[in-house]
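Got your viewer open? Load the model, and let's walk through it one selection at a time.

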Amino acid sequence: MADEALFLLLHNELVSGVYKSAEQGEVENGRCITKLENMGFRVGQGLIERFTKDTARFKDELDIMKFICKDFWTTVFKKQIDNLRTNHQGIYVLQDNKFRLLTQMSAGKQYLEHASKYLAFTCGLIRGGLSNLGIKSIVTAEVSSMPACKFQVMIQKS
Amino acid sequence: MTVHNLYLFDRNGVCLHYSEWHRKKQAGIPKEEEFKLMYGMLFSIRSFVSKMSPLDMKDGFLAFQTSRYKLHYYETPTGIKVVMNTDLGVGPIRDVLHHIYSALYVELVVKNPLCPLGQAVQSELFRSRLDSYIRSLPFFSARAG
């Protein structure tokens, strides 16, 4: 499908563009990852407004997380999150066994060190979506073996 | 019936990928020279075929065969050339070469941000998927025929 390839190629260029225009020392201290995450944040805020304009109010936090795992993920990545775990105290782990932006990269350990750059935008996407639904959070991602990856969401109670 | 080896060239003659499955005799020259020789030969044959064709050309150069092997050729509009040597029992395999280009090269190399275009392909995923695809072809048999 044309739009999938378009988003994938655009996202790849986005990551390499941010890294190419990075100044001295910015790569090491994580500024590039932060920039990508902030871009994803703003996009996530906008996307969630569009996707929820016709849905009913959410019952609770868990309901919101399930929405992210099912409908939000399906609309953006054409598949659902494969596994959602929680400790019922504000920490959720979303596991995607075949993350769309990583399937072309490798099937295992090659290129593992570069994987985090390609997950930063999506972390921001989740954080932005949650923030417009009224939840402040911190989202991080980890990859042990491509293309499976885990997103960890820590809800901040104010 | 079997596949001997496969070359993948880009528009500038850089050999992006080479793998072999059954090759009993080597060319006797270093690999770099072999790739240059192959690319130069293809370039010359293509222009020869289009000049000397007695009719209007449709697809151009497709394949050549000797008494022992057959070389199949497929070129895309972007200049990517897929060259496969098989034995004589194999018919036209344009769609196979097209699949190698579209489902393997485009999916796993072009869409991979860590594979710079114009250089030899380092991606392990590409290598392993190509290998299993070739082994799954109906005209590939594990014993050299």
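What radius of gyration would a compact globule of 145 residues have, and what does chain B have? Such a globule would come in near 15 Å, and chain B has 15 Å, which agrees. Keep in mind as you click around that this is a predicted model.

**Stop 1: all of chain B.** Select chain B and switch to cartoon. You should find three helices and five strands, running β-β-α-β-β-β-α-α from the N terminus on. Its C-alpha atoms fill a box of roughly 45 × 35 × 30 Å along the principal axes. Colour by burial and 42% of the 145 residues come up as buried. Turn on the surface: chain B exposes about 8,200 Å², with carbon and sulfur atoms supplying 56% of that.

**Stop 2: helix α3 of chain B.** Now select residues 124-135 of chain B, which make up helix α3(B). This helix has twelve residues and reaches 17 Å from its first C-alpha to its last, close to the 16 Å expected at 1.5 Å a residue. Zoom in on its start, where a side-chain oxygen of Ser123(B) reaches to within 3.4 Å of the backbone nitrogen of Leu125(B).

Next, show side chains. Which residues of α3(B) are buried? They are Leu125(B), Phe126(B), Leu130(B), Tyr133(B) and Ile134(B). Look down the axis of α3(B): these buried residues fall within an arc of 155°, so they line one face of the helix. The background is simple: an α-helix has 3.6 residues a turn, so residues three or four places apart point the same way. To see what covers the buried residues of α3(B), add elements of chain B including β1 (3-9), β2 (15-20), β5 (81-86) and α2 (94-110).

**Stop 3: over to chain A.** Hide chain B and select chain A. Here there are four helices and four strands, in the order α-α-α-β-β-α-β-β from the N terminus on. Among contacts in chain A between residues at least 6 apart in sequence, 59% join residues at least 24 apart. The surface of chain A exposes about 8,600 Å², 52% of it from carbon and sulfur atoms.

**Stop 4: Thr122 of chain A.** Pick helix α4 (residues 115-132) of chain A and find Thr122(A) in it. Is Thr122(A) buried or exposed? Its relative accessibility is 0%, so Thr122(A) counts as buried. Show what surrounds it: leaving aside neighbours within four places in sequence, Thr122(A) is in contact with Trp73(A), Phe77(A), Phe99(A), Leu101(A) and Phe151(A).

Notes: Residues are numbered from 1 along each chain as its sequence is written. Chains are lettered from A and ligands numbered from 1 in the order in which they are written. This is a predicted model: local features need pLDDT of at least 70, side-chain atom pairs count only at pLDDT 80 or more; totals for chains, interfaces and linings use all residues. Side-chain values use heavy atoms; hydrogens and water are left out. Helices (H or I, at least four residues) and strands (E, at least two) are DSSP runs, numbered from the N terminus. The expected span of a helix is 1.5 Å times one less than its number of residues. Buried means under 20% relative accessible area, exposed over 50%, partly exposed in between (1.4 Å probe, protein chains only). The arc is that of the directions from the helix axis to the C-beta atoms. Contact means heavy atoms within 4.5 Å. A polar contact is a pair of N or O atoms within 3.5 Å; within protein, one must be able to donate a hydrogen and the other to accept it, and residues adjacent in sequence count only if both atoms are side-chain atoms. The radius of gyration is taken over C-alpha atoms; the globule rule is 2.2 Å times the number of residues to the power 0.38. Accessible areas come from the Shrake-Rupley method with a 1.4 Å probe; for residues, only the protein chains shown count as cover.
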